[in-house]
Amino acid sequence: MKTLKYLFILGVALFTATACMNDFDEPDFEQPPFGNNEIGAANTTIAEIKAKYASVISSSSVAEVTEDIIVEGVVIANDESGNIYKQFVIDDGTGSIIVGVNDVGLYAVMARGQKIILNCKGLHVGGYGNLAQIGGLYNGSIGRMSKTTFPKHVKLVGKPSADYHGIEPQTIDADFFTSANKATLPRYVRLSNVHFEEGNGINMYAPENEAYNNVVERKIKLGKTNILFRFSTYADFANEVLPQGNIDIVGVLTRYRDYWQFMLSSTNDITPVNN
């Protein structure tokens, strides 16, 4: 009898514990665990941000965003390969802009193809070498926002998509390189039927013995214009051989003052051309 009574009490206890556990709310897997889901809908385009802060950007100055400016974009470049450092780039179809965050491994949440909404109020917009960037204040200039600030200003929308939600790179040629277009950078572009000047079948992207401050510069020429590619020795492709012959390459065209530069996220964005 004592055994039956003990089993009965044990059964009631287990039932009660199970019932209590079932009282907890099930996790909401539709809400991303990272970021601020209270951020509302976008009310500004990237092109409008660049236009509004054009004088700040062109003078390599910086300004705090004090208005309710919210922008939506798709991540088109990030730090996954190690070639880009503490930055990612978003595009909304009207243009691209660099977002600086003082953190590494951003690709874990800012995967390529991930749509995000960024609340810019309280952040800073400025020009780094006259190039548009959103981030934080650093010694009176545009810098990176802190890693604790970032999640408060970003909201993830859906899951990463390989088709970039319709965002397409602009194919550019030698006629693109004018002062007027320089003011619109950064821009998501495709360079078609070009080649690396150093692509001889031997030279690598960024060997340490050729580096200065962990960077090796390589060059592509379009018409009379030199486009510099700054490759990091920390990139996972640093010791791969530069492609020979003509290629198509997709990435972010940038500038540093009067120099045209190109930001490459991955060698998967390079396609050989069969002429």
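## The main nonpolar core

In this predicted model, the largest nonpolar core takes in 40 residues. The ones with the most contacts inside that core are L191, F196, F229, F231, I249 and L253. Strands feed into it from several parts of the chain: β2 (70-77), β12, β13 (215-222), β14, β15 and β16 each supply at least two residues. The top contributor is β15, which gives five. As background, nonpolar side chains in soluble globular proteins tend to be buried together.

F229 is a handy residue to click on here. Setting aside neighbours within four places in sequence, F229 is in contact with L191, F196, V216, E217, R218, I220, I249 and F262. There's also a second, separate core of 28 residues, with V56, V71, V154 and L156 among its members.

## Aromatic rings

How many aromatic pairs turn up in a search of the whole structure? The search finds 15. Take F231 and F237 as an example: their ring centres sit 5.9 Å apart with the planes at 85°, and because anything over 60 degrees is classed that way, the pair is edge-to-face.

Are these two rings buried or exposed? F231 has a relative accessibility of 1%, so it falls under the 20% limit and counts as buried. F237 also comes out at 1% and is likewise buried. Both belong to one aromatic cluster, made up of F196, Y205, F229, F231, F237 and F262. Of the cluster members, F196, F229 and F231 are also on the list of residues with the most contacts inside the largest core.

## The largest pocket

The largest pocket has a volume of about 1200 Å³. Its lining runs to 41 residues, and those nearest the centre are Y85, Q87, Y128, R144 and R230. By class, the lining splits into 19 nonpolar, 16 polar and six charged residues.

Which elements build that lining? At least two residues each come from β4 (96-102), β6 (124-128), β7 (131-138), β8 (141-143), β14 (225-232), β15 (247-256) and β16 (259-263). The largest share belongs to β7, with five residues. Note the overlap with the core: β14, β15 and β16 each give at least two residues to the pocket lining, and each gives at least two to the largest nonpolar core as well.

## The second largest pocket

Next comes a pocket with a volume of about 200 Å³. It is lined by 15 residues, and D91, G93, T94, G95 and R187 are the closest to its centre. Here the lining has four nonpolar, seven polar and four charged residues. Two elements, α2 (46-52) and β12 (187-194), each supply at least two of the lining residues.

## Three residues to look at

H124 lies in strand β6. With a relative accessible area of 13%, H124 is under the 20% limit and therefore buried. Leaving out residues up to four places away in sequence, H124 touches V62, A63, E64, Q133, I134, G135, G136, L137 and I142.

Y164 sits in the loop between β10 (154-157) and β11 (170-172). Despite the loop address, Y164 counts as buried, at 11% relative accessibility. Beyond its neighbours within four places in sequence, Y164 is in contact with V74, V75, I76, R112, G113 and Y188. Y164 and D91 are 73 residues apart along the chain, yet their C-alpha atoms are separated by 9.3 Å. D91, remember, is one of the residues closest to the centre of the second largest pocket. G245 is another loop residue, found between β14 and β15. At 41% relative accessibility, G245 lands between the 20% and 50% limits, so it counts as partly exposed. Not counting residues up to four places away in sequence, G245 touches V194 and H195. The C-alpha atoms of G245 and F196 are 7.8 Å apart, with their positions 49 residues apart along the chain.

## The chain as a whole

Zooming out, the chain has five helices and 17 strands. Of its 275 residues, 44% count as buried. Among contacts with a separation of 6 or more, 69% link residues 24 or more positions apart.

Key:
Residues are numbered from 1 along each chain as its sequence is written. This is a predicted model: local features need pLDDT of at least 70, side-chain atom pairs count only at pLDDT 80 or more; totals for chains, interfaces and linings use all residues. Side-chain values use heavy atoms; hydrogens and water are left out. On a 1 Å grid over the protein atoms alone, a cavity is a set of points where a 1.4 Å probe fits but cannot get out, and a pocket is an open set with protein on both sides within 12 Å along at least five of seven lines; lining residues have an atom within 4 Å of a point. Grid points are joined across faces, edges and corners, and a volume is the space filled by probe spheres set on the points. Helices (H or I, at least four residues) and strands (E, at least two) are DSSP runs, numbered from the N terminus. Ala, Val, Leu, Ile, Met, Phe, Trp, Tyr, Cys and Pro count as nonpolar, Asp, Glu, Lys and Arg as charged, and the others, Gly among them, as polar. Rings of Phe, Tyr and Trp (its six-membered ring) pair if their centres lie within 6.5 Å; planes under 30 degrees apart count as stacked, over 60 as edge-to-face and the rest as tilted. Buried means under 20% relative accessible area, exposed over 50%, partly exposed in between (1.4 Å probe, protein chains only). A nonpolar core is a set of buried Ala, Val, Leu, Ile, Met, Phe, Trp, Tyr and Cys residues joined through side-chain atoms within 4.5 Å. Contact means heavy atoms within 4.5 Å.
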